[in-house]
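Here are some exercises to work through with the model open beside you. Try each task before you read its solution.

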Amino acid sequence: MIWSNNQLGAAYYNILTSELFVMDDTYDDGVRFNIMKILYRQCQPRYVITISGTSDEFLTAIEALVKSETSVSSGDSQGMDSARPVQVSLKVMQKKEYSFDRCYHRVRCLKLQSEPADANNVERLIFLQSLLNFKSIVMIHALGLLLIYIDQRWSNITLDPSGRAEFVSVSNVTLRDIVMIDDGTYNALNIVHARHHPSFFKCGDAASQKQSGSLFLLLNRCQSRPGAQFLWQVVGVVLKTLWHPTKDIKVLNERFEVVEFCLNPDNQSIVESLTSCLKHVYRLSNIVLDRYLAQQAKISDWRRLHKTISSIIYIADICEKYRERISLFGKIVGSVTNEVRHVKYFIEHIVNLSAKRTENDFIVRLNVDSHLDKLHHMRSTLPETLARIGEQDMQHLPSSATTCKMVYIPNIGYLLAITEWNRSPADNIDLQNLEFKFVSNNIRYYKSPSAKELDATVGDILLRINKRESHIVLKLVKYINKHSASIFNAIYLCAELDMLLAFHLVAREHNYVKPNMVERQVIAVEQGRHPLHEFLITYVPNDTYSGDGRSLVKILTGPNASGKSTYLKQIGLIVFMAHIGCYVPAKSATIGVVTHILTQITSRGNIALNMSMFLEDIRQINVALHTSTPNSIVILDEFGDGTSERSGLSLLAAVLNSFVERGAYCPHVFVATHILQVVHMLQSPMIEEQTFEFITNGNGSLAYLYRLIEGQTAHSFAHAAARNAGLDEQVIRRALEVYDKFKTSELSSRLSEAQKQDVATPIFGRLLGSENFDLEELKSLVRQATEPLLAKK
């Protein structure tokens, strides 16, 4: 396992079956590392391998997990057939020795038993790219690290000095309780974009929702930064965020009940109070606490901490009345322990929150510590004390000294400064009972007995005050740190509440409904809408029914731009929203829990990895075929368009046939295609043909109705769609001419512009075929060729 920039990549090897399993780069927060823990407990490893140079928090989390968890191996995980506890070994490899380049090269050299026979290096690489997502950098690094470790230590692992590791296949890891979604699906469905991370924009920006480029922007109506990051990252004990939707119906229903509570008009005042408190909840982490421990916290940091703890206490007090009805409210009340309330009291009692933001202001209040108060009093009366002692010392000075004063110089201490003389003494004159120190600006400085006494009794008063304050503040910070787990948990739960309040706002404004989550293979959505498109255009809702007695494979045909791709994304987004505990844009919805949301939606190729768009489509199809379960949803959009028509037809038919042959174990499959022949090649009661209704006008243009109906479309009407899109009419007419000729297997006539170019052909032929070409003859040929053209003009 390797963790980098909040992305966890992992790979593991099953010794018994010789199978490799990989997990694409998956978001895992740098505090709890929930994904890492779930993967560890699911795999039950014998060896855990990572690299140095990663964060200390990640290494500490792995070490704690290895020490606290007893790995019980099973045949399905690590190849051990006994159920006895096994000592897990943690190996931290040097990053310099196992760099990404070396690991990447090892992955490219991976040989699988399932690869095509007699494949050359280029063909092998293409085969690997169809199985592995090389854009998952951290996963590739982890896989290469695993392969190198196996290469080097295979004899120690298996106690077989002469043996070699074999790799049968590569499969993707499916984590329990989490709906598996890859980065391509997140991008294709416009769920999240990196530029929309909470670090890059203000929270709760309602104005942005109307121009929302992602589902995250639409849903992010959070009042606090922790709430926005909660929406982006991790929620509660079970992972259930935009990055990790959950399959746990209990968790989902707990979230639905909070949204339902907030939507009740009778609870509007409670929602407003909660919203007001959430605005003052700030992010707190171990890194922030370290700043307090290092005495680097400013007074503004203390105010922020006080506001946060005060707000979560107020939120808990509001939730107290409803803790029995709403599960989350009960968790929030339980998280605010007496120790958390004591932290608030101690901060208010000890820290001077009204201090100004200058560096010279002291943090600790008066009357907190008697010794500190005595030092402050000593500091406030020090000018008077110095003046009085200076007057006393003046009586013991010679008559030549007319004025003096007691001063303090850092690192030297208190000195008697004689500022005026009747007559200037010698430079190094010694006075009785005075120790000469130095001269500056005609002022002579001496160490007097009184100055020595001040050094012993008063000293550097500011330093003493700062040391005493630091001692008091450090005790306070240690107390806070001791109970930081309770504070973190309370902030975490308040962040979850903040996100659910955002869900309720969106549901109320856009008329969303609560989905009914069931443990059946069913998707039944009545009048579903696309959450990102419905307020940009006049949107026509459509129904979706799959499973539970209905067909599982839907083949959508229709004219270009009739709404097929938008409808496919609508299905994926509604299912996704239901699995993060959000209400959905529909009249009603019953959705069975899904294990995967898998998509093949055409994206850009990867030049760096030498992967075309078609090869990327093949990789996505490969993942769908190998990882989908009966409770998965598979969305294919225009698969096969990236190659010849016959090749695309055969591939699409074969992929769909593979799903259909599973029978009752077939996932929910939604396909949009312009390869119309595939409908006739597949005849099964599991397949349903659907199209989008439209009207053909007298001039050949189309009027889209965007309503989904049963049946199919015989043509794609690409030319009509091009005309609607504003393509030049001359180009469209020429395209229609070529298309008509193509249907009758004839060659279309050349363009008139191309025919004009033919007049120069005999001239060039004459020039090239004659060694002695007369200039007058050339002029004559040019006139003969151009006169007819000039006459037409």
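**Exercise 1: Cysteines**

The disulfide count for this predicted model comes to zero.

Task: Work out why Cys277 is in no disulfide, and whether its nearest cysteine neighbour is buried or exposed.

Solution. Start with the rule: two cysteine sulfur atoms must lie within 2.5 Å to count as a disulfide. Next, look around Cys277, where the nearest cysteine sulfur belongs to Cys494 and is 9.0 Å away. Because the cut-off is 2.5 Å, Cys277 remains without a disulfide. Now turn to Cys494: its closest cysteine sulfur is in Cys319, at 7.4 Å, which is too far for a bond. Finally, check accessibility. Cys277 is buried at 13% relative accessible area, and Cys494 is buried at 1%.

**Exercise 2: A salt bridge inside a helix**

Task: Find what joins the side chains of Lys344 and Glu348, and where the two residues sit.

Solution. First, take the distance: the N to O separation is 2.8 Å, and the two side chains form a salt bridge. Then place the residues. Both belong to helix α14 (residues 338-350), and being four residues apart puts about one helical turn between them. Last, compare their surroundings: Lys344 is buried, with a relative accessible area of 16%, whereas Glu348 is partly exposed at 30%.

**Exercise 3: Salt bridges across the sequence**

Task: Say which parts of the chain are linked by the pair Glu526 and Lys587, and then do likewise for Glu693 and Arg707.

Solution. Begin with Glu526 and Lys587, a salt bridge whose closest N and O atoms are 3.8 Å apart. Glu526 is in strand β14 (residues 522-528), while Lys587 is in the loop between α19 (564-578) and β17 (588-592), so this pair ties together parts 61 residues apart in sequence. Glu526 is partly exposed at 25%, and Lys587 is exposed at 52%.

Move on to Glu693 and Arg707, whose side chains meet in a salt bridge of 2.5 Å, N to O. Here strand β21 (residues 687-696) holds Glu693 and strand β22 (residues 702-710) holds Arg707, with their positions 14 residues apart in sequence. Glu693 has a relative accessible area of 24% and is partly exposed; Arg707, at 41%, is partly exposed.

To put these pairs in context, the whole structure has 19 salt bridges. Some residues join into a network of salt bridges, as Lys135, Glu616 and Arg619 do.

**Exercise 4: Two packed helices**

Task: Describe how α1 and α2 pack, and which residues of α1 meet α2.

Solution. Set out the geometry: helix α1 (residues 34-43) and helix α2 (residues 56-68) pack at about 30°, and their axes are 11 Å apart. The crossing is right-handed. Now list the residues: from α1 come Met36, Lys37, Tyr40 and Arg41, and they meet Phe58, Ala61, Ile62, Leu65 and Val66 of α2. Sorted by character, the contact has seven nonpolar residues, no polar ones and two charged ones.

**Exercise 5: A leucine in a loop**

Task: Decide whether Leu552 is buried or exposed, and name some residues in contact with Leu552.

Solution. Locate Leu552 in the loop between β15 (542-547) and β16 (553-557). Its relative accessibility is 8%, so Leu552 counts as buried. Beyond its neighbours within four places in sequence, its contacts include Gln521, Ser546, Cys666, His668 and Met686.

Methods
Residues numbered from 1 in each chain as written. Predicted model: local features only at pLDDT ≥ 70, side-chain atom pairs only at ≥ 80, totals over all residues. Heavy atoms only, no water. Salt bridge = Lys/Arg side-chain N within 4 Å of Asp/Glu carboxyl O. Buried < 20%, exposed > 50% of the residue type's maximum accessible area, 1.4 Å probe, protein only. Contact = heavy atoms within 4.5 Å. Axes fitted to C-alpha atoms, helices over the stretch in contact; angles between N-to-C directions. Left-handed = near helix turned anticlockwise from the far one by under 90°. Nonpolar A, V, L, I, M, F, W, Y, C, P; charged D, E, K, R; others polar.
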